[in-house]
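Here is a set of questions and answers on one protein model and its ligand. Keep the structure open while reading.

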Amino acid sequence: MAKSPAAIFTCTACGATHRKWAGRCEACGAWNSISEEAPLTTGPSGKGLGAARGRTIPLTTLSTEEPPPPRTGSGMDELDRVLGGGLVAASAILVGGDPGIGKSTLLLQAAASFAHAGLKCLYISGEEASAQVRMRAQRLGLAQAPVALGAETNLRDILTTLDAERPDLAIIDSIQTMWSDTVEAAPGSVTQVRAAAQELVNFAKKRGTAVILVGHVTKEGQIAGPRVVEHMVDTVLYFEGERGHQFRILRAVKNRFGPADEIGVFEMTGAGLSEVTNPSALFLSERGQASPGSVVFAGIEGTRPVLTEIQALVSPSPLGTPRRTVVGLEGGRLSMILAVLESRCGIPFTGLDVYLNVAGGLRINEPAADLAVAAALLGAREDVALPPDLVIFGEISLSGALRPVSQAENRLKEAQKLGFSQAILPAQSKRGSSPGLTVREMPDLPGFVGDVFGAG
Ligand code: TYD
Ligand code: MG
C-alpha cells in the first residue's frame with residue numbers, strides 16, 4: 001500500500017524544503033523561516049501527474065493585434081514616469097519603504113490625483129483610523145478630493161466591499177495589517193501576507209481594478225516577510241530617502257509595464273510631497289565652494305540624467321584595519337577602486353581611513369560612477385580641489401583601463417544645461433558633439449591620475 005505523503009517543511013525565505021522543522025534553515029541560514037506546508041497531492045493513484053489526463057490547452061502565436069494596455073496619468077509626472085507612463089488598469093503594484101518615509105502620504109496624494117483624473121479610487125487603511133487619514137488629507141489640502149476611505153483589516157470584508165464598489169483603483173495600506181480568515185496564521189506573518197496579497201492580486205486581474213499594496217521594509221531592507229509578494233505583482237516600487245533629508249526617491253525595481261530603474265524625485269514639505277522636476281539642481285544645491293574630495297558625477301537614473309556630488313574624506317587611521325565607510329554607493333565597488341588605484345597606479349590607501357558619501361541621499365548603482373569616485377578619493381588624499389565646473393564619469397576595469405559608458409551624450413547635455421563647462425570621460429565614448437564643453441578623453445586610470453593630479 002502507498003504510504004500517505006508526509007508533511008513538508010518549507011523555508012519561506014529561500015524555498016528550500018526540509019523533512020522536519022528546524023529553527024534555522026540549513027540552505028540559506030535564515031532563522032525562524034521554516035513553516036509546515038500541506039504535502040503535494042499526486043492524484044488518487046499516487047502515481048503522479050501521468051496517471052490522470054488533463055485537457056489540451058489552446059496554443060496561440062506570438063503576434064498580437066491587441067492594443068497596449070490603457071493607462072491613466074495622475075498628473076503627478078514623477079509618479080507617472082515611474083509607473084511607465086501612468087497607471088495600467090488591472091495591474092498590481094507593491095510600494096515598499098521604511099516606516100515613516102512617507103508611503104501613506106504619497107499614496108493619499110496619488111489617490112486624490114487619480115480621482116481628479118477621473119478614476120474611482122478607494123483607500124483602505126489598516127494602520128490608521130479614518131479620522132487620522134482625514135486629518136492627513138486636510139493637512140495635504142485634499143479634504144475635498146473624491147476618494148472613498150475605509151479603515152479595515154479583514155480581507156473578506158474588504159474584498160466584498162471592492163466587489164460591490166468596483167473601483168478603478170484600490171489602495172491597501174498596508175499589506176502587513178491584512179488578515180484572511182481562511183488562513184490559520186497570525187496577522188503580519190508571512191503566510192497571512194502571502195495569502196492576502198494573492199487574493200488581492202487575483203481580484204485585480206479578475207475585476208480589472210488596479211491594486212496598490214503598501215509594504216513595510218524589514219531591517220535587512222526587504223519587503224517584510226515575503227519576497228514572494230514581489231513575484232506576484234506586476235510592479236514593485238521602493239520609496240526611499242534618508243531620514244535627515246527631505247528628498248524622497250520613488251524607484252521602480254520591477255515593472256512589467258515599463259522600464260525598471262526609473263526614479264521619481266519628491267521633496268517632503270510641511271504640506272506633503274512636492275515633485276522635483278530638476279533633481280540635478282536639487283542634489284547640487286547644497287554644494288559649497290570647490291573642496292578637496294568633492295567631485296560632480298554625471299549619472300543616469302532610469303531614463304534621466306542626474307548630476308550628483310560624490311564626497312570623499314581620507315585621514316590617517318588609528319586602527320589596525322582602517323575604516324571604509326560608504327553611504328549611497330556599494331562597499332564592494334569602493335574596495336575594487338582602491339585596489340585598482342593601488343596596484344595599477346601605485347597609490348596605496350594603507351593606514352588611511354576612507355569615507356565616501358553621495359550628497360543628498362541618492363543611491364548610485366552605476367559602475368559609471370567609478371572614475372568620479374576615484375577622483376574624489378585622490379582629491380581627498382592629495383588635498384587637491386578639482387575645478388567646480390567639472391563633471392566626471394566612466395567605468396574602471398580591473399586592468400586600470402577606462403570603459404565607455406552608455407548615454408554619454410545625455411550626461412554631457414545635462415552637465416552643460418546646469419552650467420558646467422568641463423568634462424572628463426573614457427576614450428571612445430559615443431558622446432556626440434558638445435559645443436561649449438571642454439571634453440577630455442582618458443584611455444586609462446594611470447593616464448587620468450597623471451593628467452589631473454600630476455602623478456601616476
Ligand atoms: P507617512 O506617510 O505616515 O509614512 P509611512 O506611511 O511611510 O509610514 O509619513 C510620515 C512622515 O511624514 C511623518 O514623520 C511626518 C511627515 N510628514 C510631513 O513632513 N509632511 C506632511 O505633510 C505629512 C502628511 C507627513
Ligand atoms: Mg503609513
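Q: Which elements each supply at least two residues of the shell around ligand 1?
A: This is a predicted model. The shell draws on helices and on a strand. The elements that each give at least two residues are H2 (103-116), H3 (130-139) and S13.

Q: Where does the largest share of that shell come from?
A: The top contribution is three residues. They sit in one helix. That helix is H2.

Q: Which residues come nearest to ligand 1?
A: The ligand has 16 residues around it, counted within 4 Å. Five of these come nearest. They are Gly-100, Lys-103, Ser-104, Thr-105 and Gly-272.

Q: How do the residues of the shell divide into nonpolar, polar and charged?
A: Polar residues number seven, with Gly counted among the polar ones. Charged residues number four. The nonpolar residues number five.

Q: What distance separates a nitrogen atom of ligand 1 from a polar backbone atom of Thr-269?
A: Oxygen atoms of the ligand also have protein partners: a polar side-chain atom of Arg-136 lies 2.9 Å from one, and a polar backbone atom of Ile-101 is 3.4 Å from one. For the nitrogen atom and the Thr-269 backbone, the distance is 2.8 Å.

Q: How much of the accessible area of ligand 1 does the protein cover?
A: On its own, ligand 1 has 560 Å² of accessible area. The share covered by the protein is 75%.

Q: Which strands pair with S13, and in what sense?
A: S12 (residues 247-255) joins S13 (residues 263-269) through five bridges, and Phe-247 has Glu-267 as its bridge partner. S14 (residues 272-275) pairs with S13 over four bridges, with Phe-266 opposite Glu-275. A hairpin of two residues links S13 to S14. The partners are S12 and S14, and the sense is antiparallel.

Q: Why is one side of S17 and of S23 left without a neighbour in the sheet?
A: Seven strands form an open sheet of mixed pairing, ordered S17-S18-S16-S15-S19-S22-S23. S17 (324-327) and S23 (438-442) stand at its edges, so each has a single partner strand.

Q: What is the average twist from one strand to the next in that sheet?
A: Within the sheet, S15 (residues 294-301) and S19 (residues 390-392) run parallel, joined by two bridges. Phe-297 stands opposite Ile-392 there. From one strand to the next, the twist averages 25°.

Q: Which element has the lowest mean pLDDT?
A: The chain averages 88, and 93% of its residues score at least 70. By element, the highest mean is 97, in S20 (residues 395-396). The lowest mean, 80, belongs to S3 (residues 34-37).

Conventions:
Residues are numbered from 1 along each chain as its sequence is written. Chains are lettered from A and ligands numbered from 1 in the order in which they are written. Side-chain values use heavy atoms; hydrogens and water are left out. Two strands pair if DSSP finds at least two bridges between them. A polar contact is a pair of N or O atoms within 3.5 Å; within protein, one must be able to donate a hydrogen and the other to accept it, and residues adjacent in sequence count only if both atoms are side-chain atoms. Accessible areas come from the Shrake-Rupley method with a 1.4 Å probe; for residues, only the protein chains shown count as cover. pLDDT is the predictor's confidence in each residue, from 0 to 100. Axes are lines fitted to C-alpha atoms, for helices over the stretch in contact, and angles run from 0 to 180 degrees between N-to-C directions.
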